[in-house]
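Work through the two exercises below with the structure open. Each task is followed by a stepwise solution.

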Amino acid sequence: MAVLSRSRRAFWADVRFLVGIALVIISITGVWLIVSASDDAVPVLQANRTITEGEALSSSDFQIVEVGLGALAEGYLGPQELEPGQVAVRTLEKGEIVPASAAAAAAENRSTTIVVESSTGIPEDVTTGTVVEVWHAPPLDDGRSYDVPRILVADVTVRSVVESDGMLADKGTGIELVIDRSDVADVLAAVTGGSSLSVVPVRSGS
């Protein structure tokens, strides 16, 4: 019986020894992974505000963060790669790590901005960076009513909501939009032609 007891103690001692070795290996591996991830971290730019397409990029628009991107690091903009005269070629959300493809020279930008007034007001959830459609209803010949509304431009981005001036003005009816230069003539024609304009948010999944 004593021999059996000593055999059991020896067995459990061996098990505890092996478990101890395994824990040491796991601990060393964890430290190695943390150090390796730290070594792979590179400085990249992170937007500290929402930046819309066509806006000039400045160092004040970003903060520098260290991110472990590995082989993907070349696809993101580092602080040394931000050059004077660059603009955003798409909307950058606040907090987004900036892809290198999202910045380009101003000469390559095909967008511009235009301010329009919405006769139906601006929805409360429309803010900087919101994608919207602009609808217009052309005036009829009687001068008192409008034709059936139809889309004037689709998938344009809001640069800002412009507060109207004056005591009698409808507050918040003006909106600055980022649109392709090829659409400017159509929008201006609708404005000067007296069309009733409305801004409608594009819902995700719609």
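Strands here are DSSP runs of E with at least two residues, numbered from the N terminus. The model is predicted.

**Exercise 1. Place Arg159 and describe its surroundings.**

Step 1. Find the element. Arg159 lies in strand β7, which covers residues 150–162.

Step 2. Is Arg159 buried or exposed? Buried means under 20% relative accessible area. Arg159 has 17% relative accessibility, so Arg159 counts as buried.

Step 3. List the contacts, leaving out residues up to four places away in sequence. Arg159 touches Thr52, Glu53, Gly54 and Glu55, as well as Thr113 and Thr128. Glu176, Leu177 and Val178 are also among its contacts.

Step 4. Look for a polar partner. A polar atom of the Arg159 side chain lies 3.1 Å from the backbone oxygen of Glu53.

**Exercise 2. Trace the sheet that contains β7 and find the helix on it.**

Step 1. Order the strands. The sheet is open and has five strands, in the order β5-β8-β7-β6-β9, with antiparallel pairing.

Step 2. Which are the edge strands? They are β5 (111–117) and β9 (196–201), each pairing on one side only.

Step 3. Gauge the turn between strands. Neighbouring strands of this sheet are turned by 45° against each other on average, direction ignored.

Step 4. Check one pair. β5 and β8 (residues 174–180) pair in the antiparallel sense over seven bridges. Ser111 has Asp180 in β8 as its bridge partner.

Step 5. Add the helix. Helix α2 (residues 184–192) packs on the sheet and touches β5, β6 (131–137), β7, β8 and β9. The direction of α2 makes about 15° with that of β5.

Technical notes: Residues are numbered from 1 along each chain as its sequence is written. This is a predicted model: local features need pLDDT of at least 70, side-chain atom pairs count only at pLDDT 80 or more; totals for chains, interfaces and linings use all residues. Side-chain values use heavy atoms; hydrogens and water are left out. Helices (H or I, at least four residues) and strands (E, at least two) are DSSP runs, numbered from the N terminus. Buried means under 20% relative accessible area, exposed over 50%, partly exposed in between (1.4 Å probe, protein chains only). A polar contact is a pair of N or O atoms within 3.5 Å; within protein, one must be able to donate a hydrogen and the other to accept it, and residues adjacent in sequence count only if both atoms are side-chain atoms. Contact means heavy atoms within 4.5 Å. Two strands pair if DSSP finds at least two bridges between them. Axes are lines fitted to C-alpha atoms, for helices over the stretch in contact, and angles run from 0 to 180 degrees between N-to-C directions.
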